[in-house]
Amino acid sequence: MNLTDKILHLLEEHDIKPSYQRMQVLEYLINNESHPTADTIFTDIHAKSPVISKATVYNTLNLFAQKGLVSTMMTDKLEVRYDILTEQHGHFVCKECGRVYNFEHHYPNEYVGLDDFDIQKEEIVLKGVCKNCRQRGEE
Ligand SMILES: [Zn+2]
Ligand SMILES: [Zn+2]
């Protein structure tokens, strides 16, 4: 399946009508798994296609998040980051470079004191210094 077909398929699967701008935003997210902010997404797409407006990018991201096509996470700086990966996964936030890394973690997690609670979303966020920044520090 080529990228355009994949994008159309993903939009259809999430009940989103395709438009050129929506396809551009989705393509960007597929190609950039770095958990970009809406501003970064807008700036990068706008550099190539100056007709796209900030409002369009923001509205598109909101729609994608509502429909479950992308997931979101918030950093300590209260920036919303967009993530094409919607399956359960953990995040490691590097305090040096600000990158957000994905990692896998496995069930069952053990929680004590939440009997009879309905857990609907689980976010695992680890913080520290990533491998690249640690290596740079040693040089
Ligand atoms: Zn780092
Ligand atoms: Zn992620």
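Is Cys97 buried, partly exposed or exposed? Cys97 is partly exposed, with a relative accessible area of 38%. This residue belongs to one of the zinc sites in a predicted model of a protein of 139 residues. The briefing below covers the overall fold, the two zinc sites, the salt bridges, a surface patch and the contacts of one helix residue.

**Overall architecture**

- The secondary structure of the protein consists of 5 helices and 5 strands.
- Along the sequence, these elements follow the order α-α-α-α-β-β-β-β-β-α.
- The C-alpha trace spans about 50 × 45 × 30 Å along its principal axes.
- Of the 139 residues, 34% count as buried.
- The protein exposes about 9,700 Å² of surface, and carbon and sulfur atoms supply 49% of that area.
- Among contacts between residues at least 6 apart in sequence, 46% join residues at least 24 apart.

**Zinc ion (ligand 1)**

- Four cysteines coordinate the zinc ion (ligand 1) through their SG atoms, namely Cys94, Cys97, Cys130 and Cys133, at 2.2 to 2.4 Å.
- The arrangement is tetrahedral because the 4 donor atoms subtend angles of 104 to 118° around the zinc ion (ligand 1).
- Along the chain, the donors of this ion follow the spacing C-x2-C-x32-C-x2-C.
- Cys97 lies in the loop between strand S3 (90-94) and strand S4 (100-103), while Cys133 lies in helix H5 (residues 131-138), so the pair ties together parts that are 36 residues apart in sequence.
- Cys133 is buried, with a relative accessible area of 9%, whereas Cys97 is partly exposed at 38%.

**Zinc ion (ligand 2)**

- The zinc ion (ligand 2) is coordinated at 1.9 to 2.2 Å by His35 (NE2), Asp83 (OD), His89 (NE2), His91 (NE2) and Asn102 (OD1).
- The donor residues of this ion are spaced H-x47-D-x5-H-x1-H-x10-N in sequence.
- Two of these donors, His35 and His89, link distant parts of the chain: His35 is in the loop between H2 and helix H3 (38-48), and His89 is in the loop between S2 and S3, 54 residues apart.
- Both His35 and His89 are buried.

**Salt bridges**

- Side chains of opposite charge can pair when their charged atoms come close.
- The count of salt bridges in the model comes to 5, and three of them are described here, beginning with the pair Asp15 and Lys67.
- Between Asp15 and Lys67, the closest N and O atoms are 3.9 Å apart.
- Asp15 is in the loop between H1 and helix H2 (20-31), and Lys67 is in the loop between helix H4 (54-66) and strand S1 (71-74), so this salt bridge ties together parts that are 52 residues apart in sequence.
- Asp15 is exposed, with a relative accessible area of 61%, while Lys67 is partly exposed, at 34%.
- Asp76 and Lys127 also meet in a salt bridge through their side chains, at 2.9 Å from N to O.
- This pair links distant parts of the chain, with Asp76 in the loop between S1 and strand S2 (80-83) and Lys127 in strand S5, 51 residues apart.
- Asp76 and Lys127 are both exposed.
- Arg81 forms a salt bridge with Glu79, and the closest N and O atoms are 3.4 Å apart.
- Within this pair, Arg81 is buried, with a relative accessible area of 10%, whereas Glu79 is partly exposed, at 30%.

**Nonpolar surface patch**

- Tyr111, Leu114, Phe117 and Ile119 make a nonpolar surface patch of about 400 Å².
- One of these residues, Leu114, is found in the loop between S4 and strand S5 (125-128).
- Leu114 is partly exposed, with a relative accessible area of 35%.

**Contacts of Leu3**

- Leu3 is placed in helix H1 (residues 3-13).
- Leaving aside residues up to four places away in sequence, Leu3 touches Glu27, Ile30 and Asn31.
- Leu3 and Glu27 are 24 residues apart in sequence, and their C-alpha atoms are 7.9 Å apart in space.
- Leu3 is partly exposed, with a relative accessible area of 31%.

How values were computed
Residues numbered from 1 in each chain as written. Chains lettered and ligands numbered in written order. Predicted model: local features only at pLDDT ≥ 70, side-chain atom pairs only at ≥ 80, totals over all residues. Heavy atoms only, no water. Donors = N, O, S within 2.8 Å, 3.2 Å for Na, K, Ca; no water. Tetrahedral: all angles 85-135°; square planar, octahedral: opposite > 155°, others 65-115°. Helix = DSSP H or I, 4+ residues; strand = E, 2+ residues; numbered from the N terminus. Buried < 20%, exposed > 50% of the residue type's maximum accessible area, 1.4 Å probe, protein only. Patch = residues over 30% accessible without salt bridge, like charges linked within 9 Å, V, L, I, M, F, W, Y side chains within 5 Å. Areas by Shrake-Rupley, 256 points an atom, 1.4 Å probe, with all protein chains shown as cover. Salt bridge = Lys/Arg side-chain N within 4 Å of Asp/Glu carboxyl O. Contact = heavy atoms within 4.5 Å.
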